[in-house]
Amino acid sequence: MHTLPDTLCYLNGEYGPLHEAKVSVLDRGFVFGDGIYEVIPVYGGKLFRFDEHMARLARSLAKVRIPNPHSEAEWLERCRKLVGALVERGSPDKLVYLQVTRGVAVRDHVMPQNLTPTVFMMTSVMKPPTAEQRHHGVACVSARDFRWERGDIKSISLLGNVLARQMSADHGAVETILFRDGFLTEAAACNVWVVHEGALLGPPKSEHVLEGIRYELLRELCEEEGIAFNLRPIPEADVVSADEVLLSSATKEVLPVTTLDGQAVGHGALRGKPGPVYARLFAAYQRAKLAQTI
Ligand SMILES: Cc1ncc(COP(=O)(O)O)c(C=O)c1O
């Protein structure tokens with residue numbers, strides 16, 4: 001068995017060591033994967049894009065009809081208490097994980113009325129990409145997007161994403177880039193972007209894609225940098241022929257993909273190397289981290 005960390009966690013109103021926290025086997029999160037989660041990065045003790053995470057949490061909860069158990073101020077207080085309790089080991093940057101499930105009830109697919117949601121929160125030290133990965137970029141594989149059709153909901157039911165991510169792990173790669181009906185959706189745990197003729201392109205927001213917090217952030221950073229930003233359907237051929245391919249997520253921030261299914265990404269002297277749009281967005285991202293206030 002893996003050794004469980006003894007960091008402080010929060011469960012239904014109580015703080016205590018993570019390895020001692022317990023939920024009922026009848027929790028609908030355990031039985032059905034019936035719940036929602038968020039992962040919030042923390043830099044220098046401050047929660048990055050906290051309001052945006054809270055807005056997405058509220059959207060996901062509303063879509064699955066679970067009442068939001070806390071106000072934004074209550075969530076913030078709990079996040080801060082956990083972040084303050086986490087001893088920094090290695091990296092000063094941290095992550096807050098929070099999840100809300102529909103609660104505990106006798107097993108029945110139909111949503112029981114008036115359940116008390118289960119709230120669980122924990123923190124961990126962030127494991128950012130290595131200097132080597134930033135310098136050389138990372139390898140990805142591609143696969144058909146075989147997950148369900150509501151990728152817009154940040155659901156704890158992640159078996160499809162787990163299976164997709166494992167495909168890349170089995171090939172020593174960092175992510176699995178997914179295509180639905182020949183068009184780019186996202187990766188197992190990241191959004192995916194391509195650069196064509198200097199513009200950053202991403203798939204349109206839809207029920208097939210999680211709207212990562214970096215969707216809006218990258219739009220803002222592109223505006224700052226004078227990089228054209230466009231959301232439009234992206235056929236597989238446009239990913240294969242892209243000048244650059246990027247991943248984005250809370251922990252990866254932006255990260256260059258330099259090989260896809262063993263083929264180098266990009267053209268000319270930059271083939272198989274991180275490109276200039278990545279370099280500018282990464283630098284702009286670091287500035288945005290310093291500017292945060294919550
Ligand atoms: C399926 C999926 N898409 C996209 C993302 C990126 O979202 P964010 O930028 O909010 O981390 C994630 C993050 O975990 C994810 O799991």
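The legends below describe three close-up views of a predicted model.

**View 1. Packing of helix 2 against helix 3.**
Helix 2 spans residues 50-64 and helix 3 spans residues 72-85. Their axes lie 11 Å apart and make an angle of about 120°. Angles from 65 to 115 degrees count as roughly perpendicular and those over 145 as roughly antiparallel, so helix 2 and helix 3 are oblique to each other. The crossing of these two helices is right-handed. On the helix 2 side, the contact is made by Phe50, Asp51, Met54 and Leu57. Helix 3 contributes Glu72, Trp75, Leu76 and Cys79. By class, the contact of helix 2 with helix 3 has six nonpolar and two charged residues, with no polar ones.

**View 2. Surroundings of the ligand.**
There are 17 residues around the ligand, and those that come nearest are Arg56, Glu186, Ile213, Arg214 and Ala250. Arg56 places a polar side-chain atom 2.8 Å from an oxygen atom of the ligand. For Ile213, a backbone N or O atom lies 2.9 Å from an oxygen atom of the ligand. A polar backbone atom of Ala250 is 2.9 Å from a ligand oxygen atom.

**View 3. Packing of helix 6 against helix 8.**
Helix 6 covers residues 213-225, and helix 8 covers residues 276-290. The two helices pack with their axes 10 Å apart, at an angle of about 105°. Helix 6 is therefore roughly perpendicular to helix 8. In helix 6, the residues that meet helix 8 are Arg214, Leu217, Leu218, Leu221, Cys222, Glu224 and Glu225. Their counterparts in helix 8 are Arg280, Leu281, Ala284, Tyr285, Arg287 and Ala288. The residues of the contact of helix 6 with helix 8 comprise eight nonpolar and five charged, with no polar ones. Arg214, part of this contact, is also one of the residues that come nearest to the ligand.

Conventions: Residues are numbered from 1 along each chain as its sequence is written. This is a predicted model: local features need pLDDT of at least 70, side-chain atom pairs count only at pLDDT 80 or more; totals for chains, interfaces and linings use all residues. Side-chain values use heavy atoms; hydrogens and water are left out. Axes are lines fitted to C-alpha atoms, for helices over the stretch in contact, and angles run from 0 to 180 degrees between N-to-C directions. Helices (H or I, at least four residues) and strands (E, at least two) are DSSP runs, numbered from the N terminus. Angles under 35 degrees count as roughly parallel, over 145 as roughly antiparallel, 65 to 115 as roughly perpendicular and the rest as oblique. A crossing is left-handed if the near helix is turned anticlockwise from the far one by less than a right angle, and right-handed if clockwise. Contact means heavy atoms within 4.5 Å. Ala, Val, Leu, Ile, Met, Phe, Trp, Tyr, Cys and Pro count as nonpolar, Asp, Glu, Lys and Arg as charged, and the others, Gly among them, as polar. A residue is near a molecule or strand if one of its heavy atoms lies within 4 Å of it. A polar contact is a pair of N or O atoms within 3.5 Å; within protein, one must be able to donate a hydrogen and the other to accept it, and residues adjacent in sequence count only if both atoms are side-chain atoms.
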